[in-house]
Amino acid sequence: MSIEKEDQARKRFLLVCQGLFCLGRGSHGLLAELRNLKQQGVLPSELEIKPYYCFNGCSHGPNMVSYPDRVWFERVSPDNLTQVVTYLGEGIPATDPLLNQCRVIEVVRHRAYSDIKEELGF
Ligand code: FES
């Protein structure tokens, strides 16, 4: 495996929707808080937090996607953000039903994963 491929294999992303609907439900503040936590060392160093501009699951936002593990969080709020952070840091799945009720239908999720793959290149 080339060094570039090895680096890519270690890379993890949390994509935080900053599309209009998610913004209207507070995703900008959530992104700022996640960046703070990253800076404080609460989140893993290999995790990159990136804004994303709409997964097309707008009615169920704020949406976030952990990639490449493809874990989708919906209806993220300041109250349940800790569960997202715990998942990212310790791998413990979120239990808050608001976060993972899968309201965003499968076909939309698959499309989003394929767009993300194309954008990130892996
Ligand atoms: S605005 Fe966030 S999914 Fe569309």
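The predicted model of the protein contains 5 helices and 4 strands. From the N terminus on, these elements follow the order α-β-α-α-β-β-β-α-α. A compact globule of 122 residues would have a radius of gyration near 14 Å, and the protein, with 14 Å, agrees with this expectation. Along its principal axes, the C-alpha trace spans about 40 × 35 × 25 Å. Of the 122 residues, 25% count as buried. Among contacts with a separation of 6 or more, 64% are made by residues 24 or more positions apart.

The pairing of the strands was examined next. Strand β1 (12-17) is joined to β2 (47-52) in the parallel sense, over 6 bridges. In this pairing, L15 stands opposite K50 of β2. Strand β1 also pairs with β3 (residues 64-67); these two strands run antiparallel and are joined by 4 bridges. Here F13 faces Y67 of β3 as its opposite residue. Strand β3 in turn pairs with β4 (residues 71-73), in the antiparallel sense and over 3 bridges. The bridge partner of M64 in β4 is F73. The hairpin formed by β3 and β4 has 3 residues between the strands, and in this hairpin R70 adopts a positive phi near 60°.

Helix α3 comprises 13 residues (residues 27-39), which at 1.5 Å a residue should span 18 Å; the C-alpha atoms at its ends are 18 Å apart, in agreement with that value. The buried residues of this helix are S27, L30, L31 and L34. Because these residues cover an arc of only 100° around the axis, they lie on the same side of α3. An α-helix has 3.6 residues a turn, so residues three or four places apart point the same way. The face of α3 turned away from the buried side carries the exposed residues A32, N36 and Q39. The cover over the buried residues of α3 includes β1, α2 (20-24), β2 and α4 (81-90). Just after α3, G41 has a positive phi of about 85°.

Helix α4 shows its own division into buried and exposed sides. Its residues L81, V84, Y87 and L88 are buried. They cover an arc of only 120° around the axis, and therefore lie on the same side of α4. On the other side of this helix, T82 and E90 are exposed. The elements covering the buried residues of α4 include β1, α3, β2, β3 and β4. Helix α4 is thus among the elements that cover α3, while α3 is among those that cover α4. Following α4, G91 has a positive phi, near 80°.

In soluble globular proteins, nonpolar side chains tend to be buried together. In this model, the largest nonpolar core has 24 residues, and those with the most contacts inside it are L15, V16, M64, V65, V76 and V84. At least two residues of this core are supplied by each of β1, α3, β3, β4 and α4. The surroundings of V16 illustrate how parts of the chain meet. Not counting residues up to four places away in sequence, V16 touches S27, L30, L31, L34, I49, P51, Y52 and M64. Of these contacts of V16, S27, L30, L31 and L34 are the buried residues of α3.

The environment of F73 was considered in the same way. This residue lies in strand β4. F73 is classed as buried because 25 other C-beta atoms lie within 10 Å, where 20 or more suffice. Although F73 and N63 are 10 residues apart in sequence, they are 5.7 Å apart in space, C-alpha to C-alpha. With its neighbours within four places in sequence left aside, F73 is in contact with N63, M64, V84, A94, L99 and N100. Among these contacts, M64 is also the bridge partner of F73, and V84 is one of the buried residues of α4. Both M64 and V84 are listed among the residues with the most contacts inside the largest nonpolar core.

Terms used: Residues are numbered from 1 along each chain as its sequence is written. This is a predicted model: local features need pLDDT of at least 70, side-chain atom pairs count only at pLDDT 80 or more; totals for chains, interfaces and linings use all residues. The expected span of a helix is 1.5 Å times one less than its number of residues. A residue is buried if 20 or more other C-beta atoms lie within 10 Å of its own, exposed if 12 or fewer, and partly exposed in between; C-beta atoms are placed from the backbone. The arc is that of the directions from the helix axis to the C-beta atoms. Two residues are in contact if their C-beta atoms, placed from the backbone, lie within 7 Å. Two strands pair if DSSP finds at least two bridges between them. A nonpolar core is a set of buried Ala, Val, Leu, Ile, Met, Phe, Trp, Tyr and Cys residues joined through C-beta atoms within 7 Å. The radius of gyration is taken over C-alpha atoms; the globule rule is 2.2 Å times the number of residues to the power 0.38.
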